[in-house]
Number of protein chains: 2
Amino acid sequence: MVSTIEDVAKLAGLSRTTVSRVINNHPYVSEDKKKRVKFAMNTLGFVPNSAARRLRKQRTETVAVLVPRVTNPFFSRLIESLEIFASDHKYKLIICQTRYLPEKELEYLELLSTKQVDGIILCSLQNHWSIVEPYLQHGPIVMCNEYTDEAHIPMVKFNQAEGAYVATKHLLEQGHRRLLFCSGSDKSSMIVQHRKKGFLQAVSEYKEQVDSVEFVEDAYDMEDGRRVFRELLDAKENPTAIFAGGDEVAAGIILEAKCHQWNIPEQLAVVGFDNQLLSEIIEPTITTVCQPVDQMAKKVIELMMEKIRTKTYKKQEVYEFELELMIKGSTVKHTTVLA
Amino acid sequence: MVSTIEDVAKLAGLSRTTVSRVINNHPYVSEDKKKRVKFAMNTLGFVPNSAARRLRKQRTETVAVLVPRVTNPFFSRLIESLEIFASDHKYKLIICQTRYLPEKELEYLELLSTKQVDGIILCSLQNHWSIVEPYLQHGPIVMCNEYTDEAHIPMVKFNQAEGAYVATKHLLEQGHRRLLFCSGSDKSSMIVQHRKKGFLQAVSEYKEQVDSVEFVEDAYDMEDGRRVFRELLDAKENPTAIFAGGDEVAAGIILEAKCHQWNIPEQLAVVGFDNQLLSEIIEPTITTVCQPVDQMAKKVIELMMEKIRTKTYKKQEVYEFELELMIKGSTVKHTTVLA
DNA sequence: GTAAAAACAGAAAACGCTTTCAGTTAAAGG
DNA sequence: CCTTTAACTGAAAGCGTTTTCTGTTTTTAC
């Protein structure tokens, strides 16, 4: 039932070599023999064994994608696009969830040293770069949406600073003078650091007029957003505008505010990040920063294919995509946006 | 830099065989030599080449998961769980998006014949079973959330009929007498057929009192939901309750209804499916049927591991999980649910 | 008409492991 | 003390391809 290239060769009355040439479209095979081989392959239902191929060719046609978790809408969109582009190149994707655990990340990086994949797309960086770097000797690593100065590899990212800058400026232009920057920790993530930089730049341009600037750095999901709002209630001087590091957090803030009969955006303006479906659904819709995920995915796959082909990938190259502010109901009243 | 088992053997002054035994924890290796091998492996930074291993062992420790698309929250949750359970068994997951295309599905089924994976988890069935069945000769296929009578393989599913029955009964108990069953097409999907069966059963139990029953069978996402509501407006006799085949559709209906100043649930009750985050966010929250995805994922991985091990998998086994109705604001007024 | 190049074909080596087989040494049993 | 069994080790075969190398035939060029 399961046949090898040898069986095909025998049936066609030819050598393994010739059969292999037909499979791989090598030139220098006569039409006659090509036909005989194809006929033999069909009658036997022959399919080349990929393990043998991998061993001989030293190529797996597989790439691993490391993400914290796939249920995060940002990552599932990213994976969707990556898979489609990879598939165009006949490449397969192994999905690895690090769950924010450094040890899981290393476990999955092993896929590169054990030659189970030709390269790694790193969308999660839990370890210090010096820990990750040694894996480079086994194949290319392309960083995606993450960033580290030290890494001398291709990196594709969004211009987070600019995104945060534009969003913050928007809040300031609406007349807000007491701001809250609400995100995850900036210790672990360059993304937060870049956003904070953009946020502060906008603030500094308005420094004469700004009354107060506060920071919350442990907000990741909707429940955190609700908590942030409740903590606000206890404070003396509330901010009038919040820059949130994600639409979930923004949504949490808004929903909790509504529970307390606050009017958004009159009493509190909120801007989110990522333009998730969520930001269209709740009332008011959430002003948010849109990330062109598919563009990023396309670039990442292109880079990966190139690096696998050329086998030179220990050079820092940074590709940056611009973000766009989508102004909606959570910062400006009476938007004309009607679905 | 890249070393083979031969290099390790040489450095340790032992044979390949012994090194291999150490790697695979075979018994009958003296402590002394075990230490020497381990030392040699460490100094060389040796990692076994997986292609060679696969070829020799005839096992890939990889499984493919076929889904329509990963951005569908149901599937991303499923994949998240599958990946975690697979990882517990040291198995890797290749993600394949069929995008509802039969030819893509077949392309990915080839992963089994080419021995790139040990088995396939089929969460998408675009081809007739007779087309898929031949792939079984190359390895196990476990069906997940899909179902076909003809398939003599393990299948894990939810009791869709029961779920729809309970949801519909809930609507009827609330006094509704004009119902709309709103889902995707029942041509392609057994799921819809089962739900319809449950829906009709509930209706038949109230047949003396039910005034009208209608069906819409081309609703898949939020925009479809909005469209369904608008079409309702034109009709003479509106249904007062809708069973929707997904939370997105339900959300679309509710949002559009609110745009038209309708009161939910007073003027229209809506029940969704899948208990997505979405169903918690919009106002009112959506009564929905909760599917225990992680239980299903666990069973699927267990089955797959067993079938790979025993190599017998051409027997129909059906495992069914029960669904639970989560009653929220879109069917009952003034829920006490306060987050 | 001959030399050089291009087209075709197969034998054998190689890819890097695991497994079988056969053999040696150490421990246990009587 | 000899025999049997258990513990340990290595040589060589094998997994199923592709690639290199060598050789033959055909075509092209002058």
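Trainee: What supplies the largest share of the surface near DNA strand D?

Mentor: First, this is a predicted model, where local features need pLDDT of at least 70, side-chain atom pairs count only at pLDDT 80 or more, and totals for chains, interfaces and linings use all residues. Residues are numbered from 1 along each chain as its sequence is written, with chains lettered from A and ligands numbered from 1 in the order in which they are written. Here α1 (5-12), α2 (16-23) and α4 (50-57) of chain A, plus α2 (16-23) and α4 of chain B, each give at least two residues (near: C-beta atom, placed from the backbone, within 6 Å; helices are DSSP runs of H or I, at least four residues, strands of E, at least two, numbered from the N terminus). The largest share, five residues, belongs to α4(A).

Trainee: And how many residues of that surface near DNA strand D are charged?

Mentor: Among the 27 residues around the strand, A:Ile5, A:Ser20, A:Asn49, A:Ala52 and B:Ser15 come nearest. For the classes, Ala, Val, Leu, Ile, Met, Phe, Trp, Tyr, Cys and Pro count as nonpolar, Asp, Glu, Lys and Arg as charged, and the others, Gly among them, as polar. That splits the surface into 10 nonpolar and nine polar residues, with the charged ones numbering eight.

Trainee: Chain B touches chain A; which element gives the largest share of its side?

Mentor: The contact takes 33 residues from chain B and 34 residues from chain A, where contact means C-beta atoms, placed from the backbone, within 7 Å. On chain B's side, α4 (50-57), α5 (73-88), β2 (92-97) and α12 (278-281) each give two or more residues. By class, that side has 16 nonpolar, nine polar and eight charged residues. The largest share, six residues, comes from α5(B).

Trainee: How are the two copies related?

Mentor: Superpose by least squares on the C-alpha atoms of residues with pLDDT of at least 70 in both. Chain B then lands on chain A with an RMSD of 0.2 Å, after a turn of 180° and a shift of 0.1 Å along the axis. So the copies are related as by a two-fold rotation axis.

Trainee: In chain B, which residue has the C-alpha nearest the axis?

Mentor: The copies meet through the same surface, since 100% of the interface residues of chain B are also interface residues in chain A. As for the axis, the nearest C-alpha in chain B is 2.3 Å from it and belongs to B:Ile94.

Trainee: How many residues of α11(B) are buried?

Mentor: Expected span is 1.5 Å times one less than the number of residues, so the 13 residues of α11(B) (247-259) should cover 18 Å, which agrees with end C-alpha atoms 18 Å apart. A residue is buried if 20 or more other C-beta atoms, placed from the backbone, lie within 10 Å of its own, exposed if 12 or fewer, and partly exposed in between. The buried ones include B:Val249, B:Ile253 and B:Leu255. Of the 13 residues, the buried count is 11.

Trainee: A:Asn275 has a positive phi; is A:Asn275 buried or exposed?

Mentor: Most residues other than glycine have a negative phi. A:Asn275 takes about 50°, in the loop between β9 (269-273) and α12 of chain A. With 23 other C-beta atoms within 10 Å, A:Asn275 is buried.

Trainee: Which residue does a cis peptide bond join to B:Ile264?

Mentor: The partner lies in the loop between α11 and β9 (269-273) of chain B. Omega is about 5°, and the residue joined to B:Ile264 is B:Pro265.

Note on methods: Contact = placed C-beta atoms within 7 Å.
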